[in-house]
Amino acid sequence: MKNVTNMIVAEGLTKNYGELVAVDHIDLKVAGGEIFGFLGPNGAGKTTTVRMLTGIIRPTQGRIHIAGFDLLRDPIKAKEVMGVVPELSNAYTELSAWKNLQLMAELYGVPAKTAKARAEELLVRFGLHDRKDHKTKTFSKGMKQRLVIAMSLMSDPEILFLDEPTSGLDVMSARMIKDVLQELNNRGKTIFLTTHYMEEANQLCNRVAIINHGKIAAISPPEELKARIGGLGRLEVSFKSHVDSSDLRSISGVTDVRESGDKTYLYTDEPGTTIQHLVDYCRAGSIKIVTLNTLTPTLEDVFIKLTGNGRGMEEVAEVVTNGS
Amino acid sequence: MVPEIQGQMRRAFAIARKDIRIYYLKGPVIIFGVLSPSFLFLAFMIGRNLPVDFLIAGLLGMTIFFTSTSVTPVIAPTETQTRNLERLAAAPVSITTILIGDMLASVLFGMLISLVPILLGVMFGVGVAHPLVLAVAIVLAAFCFSAMGLVFSSTPTSMTSTVMMMSTMIKFPLVFLSGVFIPIHDLPAWGQALASISPLTYITDLCRYCFQGAGANYYSVPMNIFALVVFLVIFMVAAVKLHERSLPMRL
């Protein structure tokens, strides 16, 4: 492996399918030892981007460097340093877990002795050791997904690409996978994680990129992104009796009001001042407040703001992107 | 460069072992391999007054042809459907390596099943006049027809039935063009011309030489071997080029 700072570098990455531009000139740099989250709505170009970065499909335009290797010119060397967990688990169902792991070792040129020791270790870590000789067609979805991740780790890769690794899994399998990712990252591995789960990205990722309509809408650490996006401070308030939301909109500092169950959410840029105005409003109208909480913007809020209702790309200009 | 080629060859063998475990070591496939030549032999023999060594030669050529082209065409469509192809595409192996792996498994299968007609021949008292030439012919033909199967499998579909139909449409006419049923000597000029463009002609002709002795063959032994090598190269180059084009459409 070459000594480089950025383990994944994509420049001007573009993929056209006929007239459709699936990915449109995106630039990415992922530093060594980073967990990089890649978020976006369905059809935004996430999987196409991951497939290009992993050498599964060729980009129409652009350059990709993996651990310093040019993926398009030297695909074998570039692929040798990465492990890939595709969107749909794809172990060979007619082979046992053990045989699947050994096949991966052979495909990545891992010596037989190392492969056996590593397979034993991974089967234990992923809770599959007692089923190692069973055909994977008898495995549950969670077990299959754990096996696919174990398969991707057989070559002890420096970079791991995961496309929706916890999608549709039970809580225990999802937690195990997240723990493993954290452990791998602690050992210095670089992880490129595509996910729909905002909380997962928020917990695990050093930085996240949000892609919409094939273009990068934002790249930042999750907290920075939440802070930069602004305008998403919220007050969560529950009143003793019903209060008309149109009246609440007239409170100074309130930019939007939404109701959900017995709670009302007041959106504001200045939560502190708005609380004072809200309390004054309630006092004047003899309205009793049951609970009042200040909520900071979540990654989901940022995501919705950037990608929701077709307004995403209009927001792009407002977000300071940091691609390095 | 040499270590890289060695590395890719080791990976091709890994793919071949995977293919054998998943696609070949199956009851129906083995039964097909053993029974189909036996049934073909019976169909050939019953009611026809032809020498057994003539029948065995044609049967052996046909057996290698059908077995070596039987499983290879379905691997790529099956793995497209199961998404395993994406796994291979992400691995550090070239398309050529994947195809060589698929071919090696098919060659082994074709060679093993070719023992069935040879054993049938031995049972009926047919000796092998030129065993070394026969061994070379079987290996070469197994490679050639396996590569032909790879050309069929390049159709960018996940439907195995589509590929099987297409390959059957090409394979069956070839059997009638290749001197299996009628010796090439007895064919009219246009029939001989057509026979010359079928790779099955050359392995059948070699088998005739090996089982019936010199004079039974239409082309010379070097000509037959040369023709099989040329067909192998053409099929392999075509398979690599076609798969390079079709792989992105499958993923």
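A salt bridge, for our purposes today, is a side-chain nitrogen of Lys or Arg within 4 Å of a carboxyl oxygen of Asp or Glu. With that rule, 5 salt bridges turn up across the interface of chain B and chain A, and over all chains the count comes to 22.

Hello everyone, and a quick word on what you are looking at. This is a predicted model, in which local features need pLDDT of at least 70 and side-chain atom pairs count only at pLDDT 80 or more, while totals for chains, interfaces and linings use all residues. Residues are numbered from 1 along each chain as its sequence is written, chains are lettered from A and ligands numbered from 1 in the order in which they are written, and side-chain values use heavy atoms, with hydrogens and water left out.

Let's start where the two chains meet. How many residues does each chain bring to the contact? Chain B gives 24 residues and chain A gives 27, where contact means heavy atoms within 4.5 Å. Between them the chains bury about 2500 Å², with 57% of that on carbon and sulfur atoms. Buried area here is the accessible area (1.4 Å probe) that two parts lose on being put together, summed over both. In chain B, Arg83(B), Arg87(B) and Pro92(B) lose the most area to chain A, together 29% of what that side buries.

Now for the polar side of things. There are 13 residue pairs in polar contact between chain B and chain A, both residues at pLDDT 80 or more. A polar contact is a pair of N or O atoms within 3.5 Å; within protein, one must be able to donate a hydrogen and the other to accept it, and residues adjacent in sequence count only if both atoms are side-chain atoms.

Which elements of chain B give two or more residues to the side that touches chain A? They are helix H1 (2-24) and helix H5 (84-90) of chain B, and H1(B) gives the most, with 9 residues. Helices (H or I, at least four residues) and strands (E, at least two) are DSSP runs, numbered from the N terminus. By class, this side of chain B has 10 nonpolar, 4 polar and 10 charged residues. In that sorting, Ala, Val, Leu, Ile, Met, Phe, Trp, Tyr, Cys and Pro count as nonpolar, Asp, Glu, Lys and Arg as charged, and the others, Gly among them, as polar.

Here are two salt bridges to find on the screen. Glu4(B) and Lys77(A) meet through their side chains at 3.2 Å, N to O. Arg11(B) and Glu80(A) do so at 2.9 Å, N to O. Arg11(B) lies in helix H1 of chain B and Glu80(A) in helix H2 (residues 75-80) of chain A, so this pair joins two chains.

Next, the sheets of chain A. An open sheet of 6 strands has the order E6-E7-E8-E3-E9-E10, with mixed pairing; two strands pair if DSSP finds at least two bridges between them. Strand E6 (82-85) and strand E10 (215-220) stand at the edges with a single partner strand each, so one side of each is left without a neighbour in the sheet. Neighbouring strands are turned by 15° against each other on average, direction ignored. Axes are lines fitted to C-alpha atoms, for helices over the stretch in contact, and angles run from 0 to 180 degrees between N-to-C directions.

E6(A) runs parallel to strand E7 (residues 159-163) of chain A, joined by 4 bridges, and Gly83(A) stands opposite Leu160(A). Helix H5 (residues 141-152) of chain A lies across E6 and E7, at about 165° to E6(A).

A second open sheet, of 4 strands, has the order E12-E13-E11-E14 (chain A), with antiparallel pairing. Its edge strands are E12 (254-260) and E14 (289-295) of chain A. Here the average turn between neighbouring strands is 20°, direction ignored. E12(A) and strand E13 (residues 263-268) of chain A are joined by 6 bridges, with Val257(A) opposite Leu266(A). Helix H10 (residues 271-285) of chain A lies across E11, E12, E13 and E14, at about 25° to E11(A).

Last stop: where does Val9(A) find its partners? Its bridge partner in E2(A) is Lys29(A), and in E4(A) it stands opposite His65(A). E1(A) and E2(A) form a hairpin with 2 residues between them, and Gly18(A) in the turn has a positive phi of about 65°. Thanks for listening!
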